[in-house]
Amino acid sequence: MDFVGKVILVTGASRGIGAAIAKAFATEGAAIIVNYLQNQTAADATVADCEARGGVALAFQADVTDRQAVDGLVQKTLEEFGKIDVLVNNAFRPYTFDPEARKMHWQLDWSDYQNQIDGAVKAAHIMAQAVLPSMLSRSEGSIIHLASNLVARPTVPYHDYTTAKAALIGFSRNLAMELGPLGIRVNSIAPGLVYPTEASRSTKETMKEAIINQTPLGRIATPEDVSGPVLFLASDWSKFMTGQTLYVDGGMVMG
Amino acid sequence: MTERAGYLPGLDADALQWEAHNYGPREASLLVLLPVLKGEQITAVTQYVRSQACARLKTLPVGQIVDAIDLAVARLLDRQDPYRRKMDNLLPVITGYDREMVHLGLTGYLKTFRKPELQRFLAEDFTNPSILNDFQPLAKGGFGRAFGPDVLGHIWAGNVPGLPLWSLVAGLLVKAGNVGKVSSAEPLFAGWFAQVLAEVEPDLADCLAVVWWRGGDAEPETALLHQADLVLGYGRNESLAAIQSRMPITTRFLAYGHKVSFALVSAAALDPSRAAATARLAAYDVARYDQQGCYAPHVVFVERGGVVSPETFAHYVAHGLAALERKFPRGLLSMAETSGVAAWRHSEEMTVGGQVFGDEAGAWTVSYQAEDTAFRPSGLNRTIRIVAVDTLAVVPTIVAPFKALLQTVGIAAPPKELFALAAALGEVGVTRIAALGDMTTPEAGWHHDGRFNLQDLVEITEIDGRAEAASDRLAPYVD
């Protein structure tokens, strides 16, 4: 798997899973745009790490739910690298995964849902529209969405978060249908609980143990576990796959 | 591997000079021996074919000739037949076209020469095909019989596999002896067909010959032009003009010169449920035989106003070409072809409102033009210009200056529009309207370049109505 000469845009890549994905592409020689919202220090660290691994990387700040900001992000990317081969929609609205402190259904306001849906689906929609002209000009491209295995198995019912991720998978499949005849592939990755990340740092040991007990491969996913399938879906190894959701959770969800 | 080209009844193969030509990439190359014929040998073989055709072919009823061709074609449709295997294995090496494309192309093409299609071919040109066998009553009174030439000369060109079959079959159906010169670009198919025909119908074995001479050697060509009664020529206009200049004044010459084709897509075909499928068909027409046939599109005019824009349609075509590149990879290009594509691409990039896109390896290129509506030839080898127009009604005016060159137009439009466009295009010289996806596979009995394939080859001998009445007065039964 060689990504030399390929340009990869990863949203929300300053930390956690996004940073792991950026670094994995860098190891394979890609040019990476490390998009971030706030934490420039973390983004710069990811860029430095990418370059240390042999990739080319630049950090660009942009709120991916803001159309104008996204247009600017894509324009800067094209000015620097001339094209975009792969878009990884990884960014999402901040969410605290705490089984004990989560809101029950009757405690939620519609704005909680709307907030998550904007963070997942609106961002994916805006990003896809923005990168499309570049992908169309070569009749190829790969768009990858980061969803969650909670969609298939809501071990903890994080209503707003998981509903938004389910919508993201639906969005991804429809987009796959629309863009297939234009040569662009669209797929999703649905990880289980990934530890350690900012969002999962407060997860209790008992919760992790409970998940491990139901996971055939017997451990919790690391950010690096997620990047492998992302690289696969970005590469020609998966050139005849579109509209798929790959579960990356040690076998907890099958099918 | 070595293969001999040609089919030379009446000549001693061992006494001839053979020239070796290499085809294909070095690791899988094919050596073809081409017979270097001189004027006197052309004269000898043509005279032999003339005598044999007069003695045998002309005495056969046309139905029997149809049966013989049908048998030969059935052999070639059988993928286990040794000649068909040679075609499947060697024609891709000779022409550089993808194997699978050649195999599928041959089957689709040969199918149009089975008995029912041959009968249609005859019926298209003769109300009563028995006119080729005997005198038949004419509508105006009297009787008529159609006679083909004793010798029909063919000068073939290009490398689309099987192309010589059209004129060869036409010649046989009008009972002409046939002497055809193959092109160096594809010298094998015609000879193989002649051998199969000779095997299935020995009566026809000496009624046709497949010859070759070195390009530019006027002596053997002049010999054929002087020996034949009628000559069919294919190829570039300059080569046809050279042939014309050497033709004896008493010999008829039917020239099939360079042609270009294009396609039209109506706004009515551009809705989200159909546009991608329509574009795939257009891409197929572009990819098939790498645009080497005269019926392959060079430009697609796409009408604005549909739900799917001409630009998106261009992207659908692009993906269609990308997908076909995986299914039927484009053939390897010569240096000249590569630079032809590059020059075309460069000139397309210079236009205002143009966008050129293609794969990184350059196996296909789409030039989308939002403003420049000019009709110009593509760079060939899977390069296509897609032009947005406000209405397809402007297209006949755009292409009118090229009247002498126009041939096939692929149209995706509803019936009313199809007929209106066909009328306007016919007026500016277009001779064939096809569905997208069918542009490169003319149906049996089509009028090649608007001409009658068989009628053009024959002369009618008429018995004047009054001659019959007059002879009746001389009959022994006159009271």
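Which residue stands opposite B:Pro137 in strand 5 of chain B? It's B:Phe143, and that pair belongs to a hairpin we'll get to below. Keep in mind that this is a predicted model. Chain B gets most of the attention here, with a stop at one residue of chain A and a quick look at where the two chains touch.

**The hairpin and its other partner (chain B)**

- Strand 4 (residues 136-137) and strand 5 (residues 143-147) of chain B run antiparallel to each other, held by two bridges.
- Five residues sit between the strands of this hairpin, and B:Gly141 has a positive phi there, near 110°.
- Strand 5 of chain B also pairs with strand 18 (residues 459-463) of chain B, again in the antiparallel sense, this time over five bridges.
- If you want a residue pair to look at in that second pairing, try B:Gly144, whose bridge partner in strand 18 of chain B is B:Glu462.

**Two domains in chain B**

- The domain assignment splits chain B into domain 1 (2-258) and domain 2 (260-434).
- Taken over C-alpha atoms, the centres of domain 1 and domain 2 of chain B are 32 Å apart.
- Where they touch, domain 1 of chain B puts in 12 residues and domain 2 of chain B puts in 10 residues.
- Helix 4 (residues 99-110) of chain B supplies the largest share of the domain 1 side, with three residues.
- By class, that domain 1 side comes out as four nonpolar, six polar and two charged residues.

**A helix pair in chain B**

- Helix 2 (residues 62-77) and helix 6 (residues 164-173) of chain B pack at about 150°, and their axes are 9 Å apart.
- That angle is over the 145-degree cut-off, so helix 2 of chain B counts as roughly antiparallel to helix 6 of chain B.
- Helix 2 of chain B brings B:Val62, B:Ile65 and B:Ile69 to the contact, while helix 6 of chain B brings B:Val169, B:Leu172 and B:Leu173.
- Sorted by class, this contact has six nonpolar residues, with no polar and no charged ones.

**The seven-stranded sheet (chain B)**

- Seven strands of chain B make an open sheet with mixed pairing, in the order 13-14-15-12-11-16-17.
- Strand 13 (354-358) and strand 17 (432-434) of chain B are the edge strands, each pairing on one side only.
- From one strand to the next, the twist averages 20°.
- Inside the sheet, strand 11 (residues 260-265) and strand 12 (residues 297-303) of chain B run parallel and are joined by five bridges.
- B:Phe262 is a handy marker here, since you'll find it opposite B:Val299 in strand 12 of chain B.
- Helix 12 (residues 335-349) of chain B lies across strand 13, strand 14 (365-369) and strand 15 (383-389) of chain B, at about 145° to strand 13.

**A:Asn89 up close**

- A:Asn89 is in strand 4 (residues 86-89) of chain A.
- A:Asn89 counts as buried because it has 31 C-beta neighbours inside 10 Å, where the cut-off is 20 or more.
- A:Val10 is 79 residues away from A:Asn89 in sequence, yet their C-alpha atoms are 6.4 Å apart.
- Beyond its neighbours within four places in sequence, A:Asn89 has contacts that include A:Thr11, A:Ala123, A:Met127 and A:His145.

**Where the chains touch**

- Seven residues of chain A and eight residues of chain B make up the contact.
- The chain A side of that contact is made of three nonpolar, three polar and one charged residues.

Methods: Residues are numbered from 1 along each chain as its sequence is written. Chains are lettered from A and ligands numbered from 1 in the order in which they are written. This is a predicted model: local features need pLDDT of at least 70, side-chain atom pairs count only at pLDDT 80 or more; totals for chains, interfaces and linings use all residues. Axes are lines fitted to C-alpha atoms, for helices over the stretch in contact, and angles run from 0 to 180 degrees between N-to-C directions. Helices (H or I, at least four residues) and strands (E, at least two) are DSSP runs, numbered from the N terminus. Angles under 35 degrees count as roughly parallel, over 145 as roughly antiparallel, 65 to 115 as roughly perpendicular and the rest as oblique. Two residues are in contact if their C-beta atoms, placed from the backbone, lie within 7 Å. Ala, Val, Leu, Ile, Met, Phe, Trp, Tyr, Cys and Pro count as nonpolar, Asp, Glu, Lys and Arg as charged, and the others, Gly among them, as polar. Two strands pair if DSSP finds at least two bridges between them. A residue is buried if 20 or more other C-beta atoms lie within 10 Å of its own, exposed if 12 or fewer, and partly exposed in between; C-beta atoms are placed from the backbone. Domain bounds come from an automatic or database domain assignment.
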